[in-house]
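I opened the notebook to write down what I could look up in one protein. I wanted the whole first, then the cores, then a single residue.

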Amino acid sequence: MHIVIMGCGRVGSTLAHSLEDRGHSVAIVDRAAEAFRRLGPHFAGRTVTGIGFDRDVLIEAGIEQAGAFAAVSSGDNSNVLAARIAREIFRVDNVVARIYDPGRAEVYQRLGIPTVATIPWTTHQIIRRLLPEGSEPEWRDPTGTVRLAEVHIGSAWVGHRVSDLEQASGARVAFLTRLGEGILPHRDTVIQDGDLVHVIMREDGIAKVEAAFATGPEDV
């Protein structure tokens with residue numbers, strides 16, 4: 001797949017190398033030519049100097065053949081504008097924009113523009129380690145109906161099956177993080193001490209899920 005990236009900062013340059021390592025062709029756009037130094041001598045993709053939401057610049061970067069576009073510059077407005085152009089004008093299937101303002105990120109998600117809100121993500125990860133009770137959202141669908149969240153589980157659930165937890169809470173366990181690695185559980189997977197449980201649930205059912213996870217199976 002050909003992928004176009006707007007912004008050659010730390011995120012953009014790291015993303016470019018990661019995608020190349022996976023066998024994709026990459027073009028990266030930045031208004032400052034010196035930014036491409038971050039790519040190093042081994043980058044085999046295309047570098048284009050210019051404004052990332054300029055159509056001619058995007059065409060030079062191969063947007064017309066691209067299967068994906070990532071806007072990860074330091075400007076929220078530029079990222080959103082570029083993402084909209086990629087999706088609405090060039091009909092790129094997979095588009096994502098990095099947004100620093102969490103309020104904007106939520107609005108754009110509801111408008112159908114996938115966003116990654118850097119600051120809220122980092123904050124949520126820190127809060128999750130400082131205050132593990134309850135849940136911290138990791139993703140919401142554009143309608144605001146369904147969320148993926150890491151939900152704290154009470155110690156009473158250790159030794160019980162994932163299917164028991166799902167039945168008690170009404171949520172679906174998407175994956176577990178165990179000893180720093182993600183695993184996809186099956187019905188008979190047993191919850192171990194230290195597991196981080198990531199579940200898919202409805203927004204209107206959060207209170208029920210958190211209550212079921214916090215108590216033991218004998219209490220629900």
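My entries follow in that order.

**Entry one: the whole.** I noted that the model is predicted. I looked up the elements and found 7 helices and 11 strands. The protein has 220 residues, and 43% of them count as buried. I then looked at contacts with a separation of 6 or more, and 53% of these join residues 24 or more positions apart. For the surface I wrote down about 11,900 Å² exposed, with 53% of it supplied by carbon and sulfur atoms.

**Entry two: the cores.** In soluble globular proteins, nonpolar side chains tend to be buried together. I looked up the largest nonpolar core here and found 25 residues. Val4, Leu58, Ile63, Phe69 and Val92 have the most contacts inside it. Several elements supply at least two residues each, among them strand E1 (2–6), helix H2 (55–60) and helix H3 (76–88). The largest share, 5 residues, comes from H3.

I picked Leu58 for a check of contacts. Apart from neighbours within four places in sequence, Leu58 is in contact with Val4, Gly52, Phe53, Ile63, Phe69, Ile85 and Phe90. I also found a second, separate core of 16 residues, including Val162, Ala171, Val197 and Phe213.

**Entry three: Glu166.** I located Glu166 in helix H6 (residues 162–169). Is Glu166 buried, and what is the nearest side chain of opposite charge? Glu166 is buried, and that side chain is Arg172, 4.4 Å away. A salt bridge has to be within 4 Å, and I recorded none for Glu166. Beyond four places in sequence, Glu166 touches Ala171, Arg172 and Val173.

Technical notes. Residues are numbered from 1 along each chain as its sequence is written. This is a predicted model: local features need pLDDT of at least 70, side-chain atom pairs count only at pLDDT 80 or more; totals for chains, interfaces and linings use all residues. Side-chain values use heavy atoms; hydrogens and water are left out. Helices (H or I, at least four residues) and strands (E, at least two) are DSSP runs, numbered from the N terminus. Buried means under 20% relative accessible area, exposed over 50%, partly exposed in between (1.4 Å probe, protein chains only). Lys and Arg count as positive and Asp and Glu as negative; His and the chain ends are not counted. Contact means heavy atoms within 4.5 Å. A nonpolar core is a set of buried Ala, Val, Leu, Ile, Met, Phe, Trp, Tyr and Cys residues joined through side-chain atoms within 4.5 Å. Accessible areas come from the Shrake-Rupley method with a 1.4 Å probe; for residues, only the protein chains shown count as cover.
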